[in-house]
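I sat down with this one and kept short notes as I went. Here they are, in the order I looked things up.

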Amino acid sequence: MKLKCVNCLLRLSPHHFIKGKKCFSICDICRDRGLEANDYFNYSSEVYAEISELVYFGANHLTKQDELELTSSKRKLIESIIAGYDDASVVVKKGISRHDLNQQIIAYENNQIQINDIGSFFDNLAQLGFQVDNLHDLQKIDYTSRMLIYNRYHNRCQYCGRKGFSIDHMKPVSSGGSNDLDNLTLSCRECNKLKRDMPYEWFVEFNLETRQINQQLVIFEHKIDLLVERKEKLSRELNAYMHRTGITVDERTTNYRDQIKAQQGLLDGLNSDYNSLRELRKSYINARFQMYKLEKRER
Ligand SMILES: [Zn+2]
Ligand SMILES: [Zn+2]
């Protein structure tokens, strides 16, 4: 059973539409796009909700699909990537969060990313900008080692201090690094990607230089997490209230929606500052890497 999202027209399995016991009228990708489920009417989702006795959630008049025009081949590719991800191992899901995947898919839909040679699931992920070698490597690291690393470093990226779930080879596998515990550390996806072919010692040094930015990033990440949590709590409360009472618009729901909107406003502001800071750090470290390579050549 697949449901069709009224906004992007992707056919996806129902769990992309379900949150808790609610069946939303647009898919999670479109919700990641910042769209409100309440604004969309979705017939298939409503029928599904009826037969499965889930509460359908969404407007019953409006349907919009403004700018998004996907060719059918593009739509098929996206659907296959999403289905691949749905079936992927826990390791893949730890390495690539659904949210990150959605963001890249949105970028692909908006033609900010091109996929030229459609290939295996991992090829397609790589073309979406994900570091997949590492996911393959990660698969080879046994469960115990992985858990030891997560525990040893308290799920924190050892380079920047933010949350980290990527097992990082200090000496890359490509230059003969092993899967021994001594060669493994924990990093966030961003550092993992940024470090790529930089020698471990260099990357550590660059991170010392951006220490103050890194500290700010940790604070931002924490604040954003809190806001997201608060916003989700409000949404859950609003949904529960509407589910219980059958009322979709009254003073209370309006109040909830206003609060949610306010949280979203704060979140947008924070995210935009956070992203500028991330970009700053990235370009600094990349520039330092280029300088180091030049200096090394001169010596
Ligand atoms: Zn959608
Ligand atoms: Zn990091």
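Which residues is Cys 5 in contact with, leaving aside its neighbours within four places in sequence? I found Leu 10, Leu 12, Ile 26, Cys 27 and Cys 30, with contact taken as C-beta atoms, placed from the backbone, within 7 Å.

Ground rules next. I am working from a predicted model, where local features need pLDDT of at least 70, side-chain atom pairs count only at pLDDT 80 or more, and totals for chains, interfaces and linings use all residues. Residues are numbered from 1 along each chain as its sequence is written, while chains are lettered from A and ligands numbered from 1 in the order in which they are written.

**Cores.** I then looked up the largest nonpolar core (a set of buried Ala, Val, Leu, Ile, Met, Phe, Trp, Tyr and Cys residues joined through C-beta atoms within 7 Å). It has 29 residues, and Cys 5, Ile 26 and Cys 27 touch the most other members. At least two residues come from each of β4 (22-24), α1 (28-32), α3 (72-87) and α5 (98-109); helices are DSSP runs of H or I with at least four residues, strands runs of E with at least two, numbered from the N terminus. Domain 1 (3-57) and domain 2 (72-195) each give this core at least three residues. Apart from it I noted another core of 14 residues, including Cys 157, Leu 186, Cys 188 and Leu 194.

**Burial.** I call a residue buried if 20 or more other C-beta atoms lie within 10 Å of its own, with C-beta atoms placed from the backbone. Buried residues are 24% of the 299 in the chain. Helix α8 (residues 143-152) lies largely in the open, because the number buried among its 10 residues is one. Just after α8, I saw that His 154 has a positive phi of about 50°.

**Domains.** The bounds come from an automatic or database domain assignment, which gives domain 1 (3-57), domain 2 (72-195) and domain 3 (210-298). I get 21 Å between the C-alpha centres of domain 2 and domain 3. Six residues from domain 2 and seven residues from domain 3 make the contact.

**Coiled coil.** What does the UniProt annotation say about residues 217-244? The unreviewed entry lists a "coiled-coil region" there, though such annotations may be inferred rather than shown by experiment. In the model I find 100% helix and 0% strand over residues 217-244, with the end C-alpha atoms 40 Å apart.

**Whole chain.** I count 12 helices and seven strands, and the C-alpha trace spans about 70 × 40 × 40 Å along its principal axes.

Note on methods:
Two residues are in contact if their C-beta atoms, placed from the backbone, lie within 7 Å. A residue is buried if 20 or more other C-beta atoms lie within 10 Å of its own, exposed if 12 or fewer, and partly exposed in between; C-beta atoms are placed from the backbone.
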